[in-house]
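Trainee: Could we look at a model together and practise asking how each label is earned?
Mentor: Happy to. Here it is.
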Amino acid sequence: MQYSTILGIESSCDDTAASVLINGKIRSNVSASQAVHERYGGVVPELASRAHQENILPVVLEALEKAGVSMQEIDAIAYTKGPGLMGSLLVGINFAKGLGMALDKPLIGVDHLQAHVAALYIEHSPEFPFLCLLVSGGHTMLLLVKEGMDMDIVGSTLDDAAGEAFDKGAKMLGLRYPGGPLIDAFAQKGNAVAFSFPVSRMPALDFSFSGIKTSLLYFLRDHEKRQPGFAHARIADICASYQKAIVDMLLIQFEAGINSLKPRAIALCGGVSMNSELRTRVQKLGADRELPVYIPSFEYCTDNAAMIAVAGQMMLEK
Ligand code: KG4
Ligand code: ZN
């Protein structure tokens, strides 16, 4: 391996993260998440950029210290080049470029979405081709991964991402950002068939989540009119039913993809792959279809720099 020690840097949204990969093993994975956005119900781009600027140096130094390496021992620096919030990305890109220049080390820009797929390689050696459902706060897509970082997008959302359906739904329910984990937690105490939300079926392997979001809005408005305090009183049942509809939509297209593309394995990645119902249903889908299932551990599902380091190394070695 020519590049055995890689520093990964991720700053595309609201997490400032750094990680060190040595000889194929993650030695540190540090992340500073930004609480500043909680009360706004979503990420405020300008506040995110400023927080990245404050966090990036301490986060990188901590990642190096935890891995027990000095800056000079790094062989290459991998950073997220996009997609993401422009101001946030620029903080990571400029930091990586400055460091690379000062240390005279090679740099590699990594696609954030491909890196979410690379997160699977941290703990697994999947069979190829595998069909991967990538679900995050900004993207929802089906990818046919042919080998390593060689993948084709075979389906994607036509409007909102699944993570947005969770976050915006949570906001309507008066829950703080990010709402996905809170809906998941309430759903575990609720009845998923208490209410029914529309499950839209898109052509081919695409997705749409704007309809379900609007239906929650009208559902809450109508019930609150008749029974003030309804949302608060029935929060667990609403969360369970709403989550079920989102997961149903994801699973319908995932299964359609398996039928048409006949992959040798299936996988799940991105922040929404933290969702307990989704993880369980995807495991069951794999078992029913006799296909191996790969899902990252929690720390590699949401945005992290370990996946950037792994993707960067694969690209450099190639
Ligand atoms: O991949 P990620 O960290 O950032 C992006 O690249 O967008 O994904 C963040 C998304 C947020 O929408 C968050 O609400 C969602 O992942 N999320 C969850 C859960 N944990 C995080 N959604 C549903 N259930 C969860 N347990
Ligand atoms: Zn992400």
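Trainee: Which helix gives the largest share of the lining of the largest pocket?
Mentor: Helix 5 does, with six residues. Keep in mind that this is a predicted model. Helix 3, helix 5 and helix 6 each supply at least two residues of that lining.

Trainee: What makes a residue part of the lining of the largest pocket?
Mentor: A lining residue has an atom within 4 Å of a grid point of the pocket. The largest pocket has a volume of about 1200 Å³, and 41 residues line this space, those closest to its centre being Asp14, Gly137, Asp167, Tyr177 and Pro178.

Trainee: How is that lining divided by class?
Mentor: It has 13 nonpolar, 18 polar and 10 charged residues. Glycine counts as polar here and tyrosine as nonpolar, so Gly137 goes with the polar group and Tyr177 with the nonpolar one.

Trainee: What takes up space in the largest pocket?
Mentor: Ligand 1 does. A molecule sits in a pocket if more than half of its atoms lie within 2 Å of the pocket's grid points, and the space taken by ligand 1 is the largest pocket.

Trainee: How many residues surround ligand 1, and which are the closest?
Mentor: There are 19, and the closest are Gly137, Asp167, Asp184, Gly271 and Asp303. To be counted as near, a residue needs a heavy atom within 4 Å of the ligand. By class, this shell has five nonpolar, 11 polar and three charged residues.

Trainee: Why is the pair between Asp184 and ligand 1 called a polar contact?
Mentor: Set the distance against the cut-off: a polar contact is a pair of N or O atoms within 3.5 Å. An N or O atom in the side chain of Asp184 is 2.9 Å from a nitrogen atom of ligand 1, so this pair is a polar contact.

Trainee: What about the backbone of Gly138 and of Gly180?
Mentor: A backbone N or O atom of Gly138 lies 3.3 Å from an oxygen atom of ligand 1. For Gly180, a backbone N or O atom is 3.2 Å from a ligand oxygen. Both distances are within 3.5 Å, so each pair is a polar contact.

Trainee: How much of ligand 1 does the protein bury?
Mentor: Taken alone, ligand 1 exposes 560 Å², and the protein buries 91% of that. Helix 3 (112-118), helix 5 (162-172) and helix 6 (180-187) are the elements that give two or more residues to the shell around the ligand.

Trainee: Which residues line the second largest pocket?
Mentor: They are Leu21, Gly24, Tyr121, Ile122, His124, Ser125, Pro126, Val310, Gln313, Met314 and Glu317. Helix 4 (120-123) and helix 11 (306-317) are the elements that give two or more residues to this lining, and helix 11 has the largest share, with four. The volume is about 200 Å³.

Trainee: What makes a space a cavity rather than a pocket?
Mentor: In a cavity the 1.4 Å probe fits but cannot get out, whereas a pocket is an open set. A search of the whole structure finds one cavity of 30 Å³ or more. The largest cavity holds about 60 Å³ of space, so it passes that size limit. Among the residues lining this cavity are Ser200, Arg201, Phe207 and Gln253.

Trainee: Where do cis peptide bonds occur?
Mentor: One joins Phe128 and Pro129, with omega about -10°, and Pro129 lies in the loop between helix 4 and strand 6 (130-135). Another joins Tyr177 and Pro178, also with omega about -10°. Pro178 is in the loop between helix 5 and helix 6.

Trainee: What is noted about the phi of Asp104?
Mentor: Phi is near 55° there, a positive value in a residue other than glycine. Asp104 sits in the loop between helix 2 (86-103) and strand 5 (107-111).

Notes
Residues numbered from 1 in each chain as written. Chains lettered and ligands numbered in written order. Predicted model: local features only at pLDDT ≥ 70, side-chain atom pairs only at ≥ 80, totals over all residues. Heavy atoms only, no water. Polar contact = N/O pair within 3.5 Å; in protein donor to acceptor, adjacent residues only side chain to side chain. Areas by Shrake-Rupley, 256 points an atom, 1.4 Å probe, with all protein chains shown as cover. 1 Å grid on protein atoms, 1.4 Å probe; cavity = no way out; pocket = protein on both sides within 12 Å on 5 of 7 lines; lining within 4 Å. Points joined across faces, edges and corners; volume = space filled by probe spheres on them.
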